[in-house]
Amino acid sequence: MSNIFLKERIIRQIEIIGDLMPDIICFQEIVHDLCSFLKKGFPGYEYISSFENSDPRKKWYGELIFSKYPIVDKGNIFFHSNRQRQASYIKIDFDGEIITIITSQLEKFSENKNIRLEQAGIIFDAIKNRTIFCGDTNLNQDEYSLLFEEMNKKGISEILDDKNTYFGSRFLKSDENHNFDKFWLSRDIICKVFFHILTKPKNIKTDKGKIKTYLSDHDGIFAKFKIDKSIKPNKDKNV
């Protein structure tokens, strides 16, 4: 889920995502001041924040990952960005199998596409064994077509879906709609269930009165996965 910088949105996210009871929750574009509020909404999860090893006064946005499974390793993947963007990852122990979860929001779609494509390439290099990437790619279809060959070469798959996930009209005077939000998977991960977390605006009570609020200008995406154990992990390939 992207664009986590309004408390009113977080109230809705806690409500809706909590009902889904996912094992892993990934947020992008969260601001530091709201991390603690969001953490309180999901008790019982371990978590990693990309702000942990950086000065929040110098960082615009970050990522936050929650896990019901033990986190055995965590960190950040750094890349060039005009907005200090990066990727965050965790490694979880899933019934004795180590799975890597990566999340990020790539460079804003109205800015330099070459930076965005470079960032996507770095993410591809990190997708090795038992790896799931989820996040807001900000890649339009023309840019995305440039990556197909590299994805195939590296054995990376995605969940193909034609529905838009970003709606500019929700918070901006824009008719831009795009399918930005993606899952990218290593070849040993199989998707079993996939759907969009569709929400309608709702009036949320605040200290300033009721505010008509969408969950985000993006619809969230939800999936269930299984490991293809017939494909043995290559021990030389890790994040």
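# Exercises: salt bridges and nonpolar cores

R85 has 6% relative accessibility, so this residue counts as buried. Keep that in mind as you work through the exercises on this predicted model.

**Exercise 1.** Find the salt-bridge partner of R85 and work out which parts of the chain the pair ties together.

*Solution.* Step 1: look for a carboxyl oxygen within 4 Å of a side-chain nitrogen of the arginine. E29 fits, with its closest N and O atoms 3.2 Å from each other in the salt bridge with R85.
Step 2: place both residues. E29 belongs to strand β1 (residues 24–30), while R85 sits in the loop between β4 (71–78) and β5 (86–94), so the bridge ties together parts that are 56 residues apart in sequence.
Step 3: check the burial of the partner. The cut-off for buried is under 20% relative accessible area, and E29, at 6% relative accessibility, counts as buried.
Step 4: set the pair in context. The count by this rule is six salt bridges.

**Exercise 2.** Where in the chain do D188 and R130 lie, and are they buried or exposed?

*Solution.* Step 1: confirm the pairing. A salt bridge joins the side chains of D188 and R130, at 3.0 Å from N to O.
Step 2: locate the ends. D188 is in the loop between β11 (181–185) and β12 (189–197), and R130 is in the loop between α3 (113–126) and β7 (131–136); this pair links distant parts of the chain, 58 residues apart.
Step 3: read the burial. D188 and R130 are both buried.

**Exercise 3.** Describe the salt bridge between D219 and R170, then look for a network among the bridges.

*Solution.* Step 1: the closest N and O atoms of D219 and R170 are 3.1 Å apart.
Step 2: D219 lies in the loop between β14 (209–213) and β15 (220–227), with R170 in the loop between β9 (166–167) and β10 (177–178), 49 residues apart.
Step 3: D219 and R170 are both buried.
Step 4: follow shared partners. E97, R130 and D188 are joined into one network by salt bridges that share partners.

**Exercise 4.** Which element gives the largest share of the largest nonpolar core?

*Solution.* Step 1: start with the members. This core has 19 residues, and those touching the most other members are I102, I123, F124, I127, L139, L147 and W184.
Step 2: sort by element. β5 and α3 are the elements that give two or more residues, and α3 supplies the largest share, five residues.
Step 3: compare with another core. A second, separate core has 17 residues, among them I92, I101, I189 and A223.

Note on methods:
Residues numbered from 1 in each chain as written. Predicted model: local features only at pLDDT ≥ 70, side-chain atom pairs only at ≥ 80, totals over all residues. Heavy atoms only, no water. Helix = DSSP H or I, 4+ residues; strand = E, 2+ residues; numbered from the N terminus. Buried < 20%, exposed > 50% of the residue type's maximum accessible area, 1.4 Å probe, protein only. Core = buried A, V, L, I, M, F, W, Y, C linked by side-chain atoms within 4.5 Å.
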